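Q: Please pick one part of this structure and walk me through it closely. I am new to this, so explain the terms as you go.

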Amino acid sequence: MAILQILQYPDPRLRNVAVAVGTVTDDVRRLVDDLLETMYDAPGIGLAATQVNVHKRIIVADVSDARDAPLCLINPTIVQAIGSEQMEEGCLSVPGVYENVERAQAITVRGLNRNGDPVELELEDLLGVCVQHEIDHLDGKLFVDYLSHLKRTRIRKKLGKAQKQL
Ligand code: NI
């Protein structure tokens, strides 16, 4: 297992569109484990492979207080979305920024689990929002894209400056 480096907005590689995983091999499982370890270490409640510069359709999440309920979805697709709710979101690739975003209140998502078996899950509230956020990453989309142009420009300037100072 390894802790991977997380790309930071406005890194252009966060805009790559990830490709579907063909077969869930040991290499894919190793990446899933690394994603989970990186997410727990950060710490965060979700992480997409895109964020560690691996452009494959893999996401992980854990919204439990005890940090003992890891969820992994390979090739996740939202097949149904119901209702809407606003929740404050953050992102490990956009450190220190928390803003309200409107998402579906409940989703049905299909994908493969760590063993490569097909799964279908009904998710709502925080976990549902988290999975919607992570799937966006696979399409090169960030939560700041839902904010006003002015807000996004401010965030980009702030984080761009912080990165130059490193
Ligand atoms: Ni994120």
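A: Let's start with a term we will need: a salt bridge is a side-chain nitrogen of Lys or Arg within 4 Å of a carboxyl oxygen of Asp or Glu. Please keep in mind that this is a predicted model, where local features need pLDDT of at least 70 and side-chain atom pairs count only at pLDDT 80 or more, while totals for chains, interfaces and linings use all residues. Residues are numbered from 1 along each chain as its sequence is written, and side-chain values use heavy atoms, with hydrogens and water left out.

Glu89, Arg103 and Asp136 are joined in a network of salt bridges. In one of its pairs, Glu89 and Arg103, the closest N and O atoms are 2.8 Å apart. To place these residues, we need helices (H or I, at least four residues) and strands (E, at least two), which are DSSP runs numbered from the N terminus. Glu89 belongs to strand S4 (residues 85-91) and Arg103 to strand S5 (residues 94-103), so their salt bridge ties together parts that are 14 residues apart in sequence. Both Glu89 and Arg103 are buried. Here buried means under 20% relative accessible area, exposed means over 50%, and partly exposed is in between (1.4 Å probe, protein chains only).

The network brings us to helix H2, the part I would like to look at closely. Asp136 is among the buried residues of H2, as are Gly128, Val129, Cys130 and Val131. In fact, 11 of the 14 residues of H2 are buried, so the helix is mostly covered. The expected span of a helix is 1.5 Å times one less than its number of residues. For H2 that gives 20 Å, and its end C-alpha atoms are 20 Å apart, which agrees. Just after H2, Gly140 takes a positive phi of about 75°.

H2 also takes us to the metal. A nickel ion is coordinated by Cys91 (SG), His133 (NE2) and His137 (NE2), at 2.1 to 2.2 Å. Donors are N, O and S atoms within 2.8 Å of the metal (3.2 Å for Na, K and Ca), and water is not among the atoms, so sites may look incomplete. Along the sequence, the donor residues follow the spacing C-x41-H-x3-H. His133 and His137 are four residues apart in helix H2 (residues 125-138), so about one helical turn separates them. His133 is buried, with a relative accessible area of 7%, and His137 is buried too, at 1%.

What surrounds His137? Contact means heavy atoms within 4.5 Å. Leaving aside neighbours within four places in sequence, His137 is in contact with Leu14, Asn16, Ala48, Thr50, Gln51, Cys91 and Leu142. Two of these residues, Leu14 and Leu142, also belong to a nonpolar core. Such a core is a set of buried Ala, Val, Leu, Ile, Met, Phe, Trp, Tyr and Cys residues joined through side-chain atoms within 4.5 Å. In soluble globular proteins, nonpolar side chains tend to be buried together.

The loop that follows H2 offers another salt bridge. The side chains of Arg15 and Asp145 meet there, at 2.8 Å from N to O. This pair links distant parts of the chain, 130 residues apart: Arg15 sits in the segment before helix H1 (26-41), and Asp145 in the loop between H2 and helix H3 (149-165). Arg15 is partly exposed, at 36% relative accessibility, and so is Asp145, at 24%. In total, the structure holds 10 salt bridges.

Beyond that loop lies H3, with 17 residues and a reach of 24 Å from its first C-alpha to its last, close to the 24 Å expected. Its buried residues are Arg152, Thr153, Ile155 and Leu159. These cover an arc of only 165° around the axis (the arc is that of the directions from the helix axis to the C-beta atoms), which puts them on the same side of H3. On the other side, Leu150, Arg154, Lys157, Lys158, Lys161, Lys164 and Gln165 are exposed. What covers the buried residues of H3 includes S5, and S5 is also the strand that holds Arg103. That takes us back to the salt-bridge network of Glu89, Arg103 and Asp136.
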